[in-house]
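Here is a short set of exercises to work through with the viewer open. Try each task yourself before reading its solution.

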Amino acid sequence: MKNISRRSFVNKFGMGVGASVIMTTLPSFMVETEKTAIPYTGKKINIALCGLGIYAKRVAESMQGSEYCNLAGIVTGTPAKAIQWKEQYNIPEKNIYNYQNFDEIVKNKDIDMVYVILPNSLHKEFVVRSAKAGKHVITEKPMAITVKDCEEMIKACNDNSVQLAVGYRLHYEPTHLEIKRLGQEKVFGQVRYIESSLGYKTYDTIAKPPVDVNNPAHWRLNKKLSGGGPLMDLGIYCIQACRYILGEEPISVTAQFGTVNDKKRFSETEESISWQMVFPSGAMANCNSSVGYNIDRTYAAADAGSFELSPGLSYGPYEGKSTNGPIKFAPIKQQQKQLDEISKLLLENKKLPVHITGEEGLKDIKVINAIYKAAETGKKVLLS
Ligand code: NDP
């Protein structure tokens, strides 16, 4: 991914003024790496949320009190939501877009980044449109539904010198940073085997009323919009956990679709799926994902011990233990931490770490595609 030059950075933040102003202004938002007691008062990244569904609501709530970013705009196809969000979050009328007039955002210097929280197959279009408008972009997971779409998204962002992140909130969560450390630093020796499963019978119990993914009208059951069932939506967390515990990429996968208990609802997408991954070190993973039952656990067996989380992949709080004792961290506002860290790097004109960028999202989609192919053919699929 290209580095954003100092000049394009300055232009991006609408500071195309005299050099003296640039020189005096830039250092004030060259944010310190360590959080200090002095509250940050410099320039913040202004974010527009695109698609105001259940997760966007969670993101907006979590963003309140953010240090390095603001909820500054919205993109919605539902006029009633525009009115409600405008009032609730004090969003200026000029920062409100719908899907038709969205490209006009190119003229809006008050928006620095777009956060795409649409159904999966729509991520590509809105990432590309955001990039063409000169805005940095975060897209929700899964990054897209095909490898080709991911590649086009990465290219569009590179071509337009903007950065692309994927909404991997757990990459900022202390419990997950700990299991990553335990695995990658081989605290209990080489990890040999991982089990990771995530399934929800009712998708989001915090939403009122709870979101029922078994509602036949839900986009998650429509393959064109979702790209697949629980593997795309939830299994991606299991793939991620295995990849960051081991710090390796799978070299082969096998997979099996589970029993379909409701053939009418699950005519396009799977109800459940199990898959196995083999990694270069020889480590193996056995994973499962479902919208037919509840499950949320990750277990890693290493040469001299083990560690596990249950629950471990949902929104938390998480419960964990290892051979050395409990793994327990105070819950954090995950989305706030994620957006603050991303915004801080953008303000410092630094590249985002690869593990949260489009390249990472692309890797997940390659694995997901291989798993579907393995389940459909009943054969082992090799990943290069
Ligand atoms: P929702 O169905 O709750 O929201 C999606 C929103 O997209 C809708 O409310 C609507 O907003 C907009 N939209 C535009 N076109 C369509 C369409 N054709 N069908 C349905 N909605 C449309 O989904 P979620 O918020 O649960 O998921 C959105 C994305 O976020 C997905 O990619 C999902 O994987 C991801 N996600 C990530 C999570 C995480 O923890 N990182 C958790 C949950 C979801 P509007 O009315 O404003 O136009």
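**Exercise 1. The ligand and its surroundings**

How far does a polar side-chain atom of Thr76 lie from an oxygen atom of the ligand? Once you have that value, look at the residues around the ligand.

Solution. Before you start, note that this is a predicted model, in which local features need pLDDT of at least 70 and side-chain atom pairs count only at pLDDT 80 or more, while totals for chains, interfaces and linings use all residues. Residues are numbered from 1 along each chain as its sequence is written, and side-chain values use heavy atoms, with hydrogens and water left out.

Step 1. The distance for Thr76 is 2.5 Å; a polar contact here is a pair of N or O atoms within 3.5 Å, and within protein one atom must be able to donate a hydrogen and the other to accept it, with residues adjacent in sequence counting only if both atoms are side-chain atoms.

Step 2. Thr78 also places a side-chain N or O atom 2.5 Å from a ligand oxygen. For Arg220, the corresponding distance is 2.9 Å.

Step 3. On its own the ligand has 890 Å² of accessible area, and the protein covers 84% of it (areas by the Shrake-Rupley method with a 1.4 Å probe; for residues, only the protein chains shown count as cover).

Step 4. The ligand is surrounded by 27 residues, the closest being Thr76, Thr78, Lys81, Tyr99 and Arg169 (a residue is near a molecule if one of its heavy atoms lies within 4 Å of it). Helices α3 (54–63) and α9 each give at least two residues to this shell; helices (H or I, at least four residues) and strands (E, at least two) are DSSP runs, numbered from the N terminus.

**Exercise 2. The nonpolar cores**

Which residues have the most contacts inside the largest nonpolar core?

Solution. Step 1. They are Trp275, Met277, Phe307 and Ile371, in a core of 80 residues. A nonpolar core is a set of buried Ala, Val, Leu, Ile, Met, Phe, Trp, Tyr and Cys residues joined through side-chain atoms within 4.5 Å; buried means under 20% relative accessible area, exposed over 50%, and partly exposed in between (1.4 Å probe, protein chains only).

Step 2. Helix α9 (residues 230–246) supplies the largest share of this core, 12 residues. Domain 2 (45–166) and domain 3 (190–302 + 355–382) each add at least three residues, with bounds from an automatic or database domain assignment.

Step 3. Leaving out residues up to four places away in sequence, Met277 touches ten-odd neighbours you can pick out in the viewer, including Ile239, Cys242, Val253, Met284 and Val367 (contact means heavy atoms within 4.5 Å). Another core, of 31 residues, lies apart from the largest one, and Ala56, Cys69, Tyr89 and Met113 are among its members.

**Exercise 3. A covered helix**

How many of the 10 residues of helix α5 (residues 123–132) are buried?

Solution. Step 1. Seven are buried, leaving the helix mostly covered. They are His123, Phe126, Val127, Val128, Arg129, Ser130 and Ala131.

Step 2. Now look for the cover. It includes the strands β1 (45–50), β4 (113–116), β5 (136–139) and β6 (164–166), together with helix α6 (147–159).

Step 3. Just past the helix, α5 is followed by Gly134, which has a positive phi near 80°.

**Exercise 4. Thr357 and Lys366**

Is Thr357 buried or exposed? Then do the same check for Lys366.

Solution. Step 1. Thr357 counts as buried because its relative accessibility is 3%. Thr357 sits in the loop between α10 (334–347) and α11 (358–377).

Step 2. The Thr357 side chain reaches the backbone oxygen of Val354 at 2.8 Å. Beyond four places in sequence, Thr357 touches Leu164, Ala165, Val166 and Leu352.

Step 3. Lys366 belongs to helix α11. With a relative accessible area of 41%, Lys366 is partly exposed.

Step 4. The C-alpha atoms of Lys366 and Thr146 are 8.1 Å apart, although 220 residues separate them along the chain. Outside its neighbours within four places in sequence, Lys366 contacts Val147 and Leu383.

**Exercise 5. Backbone checks**

Where is Pro142, the residue that a cis peptide bond links to Lys141?

Solution. Step 1. Pro142 lies in the loop between β5 and α6. The omega of the Lys141 to Pro142 bond is near -15°.

Step 2. Gly316 and Pro317 are also joined by a cis peptide bond, with omega about 0°. Pro317 is in the loop between β12 (305–309) and β13 (320–322).

Step 3. Finally, Ser161 is not a glycine, yet its phi is positive, about 55°. Ser161 is in the loop between α6 and β6.
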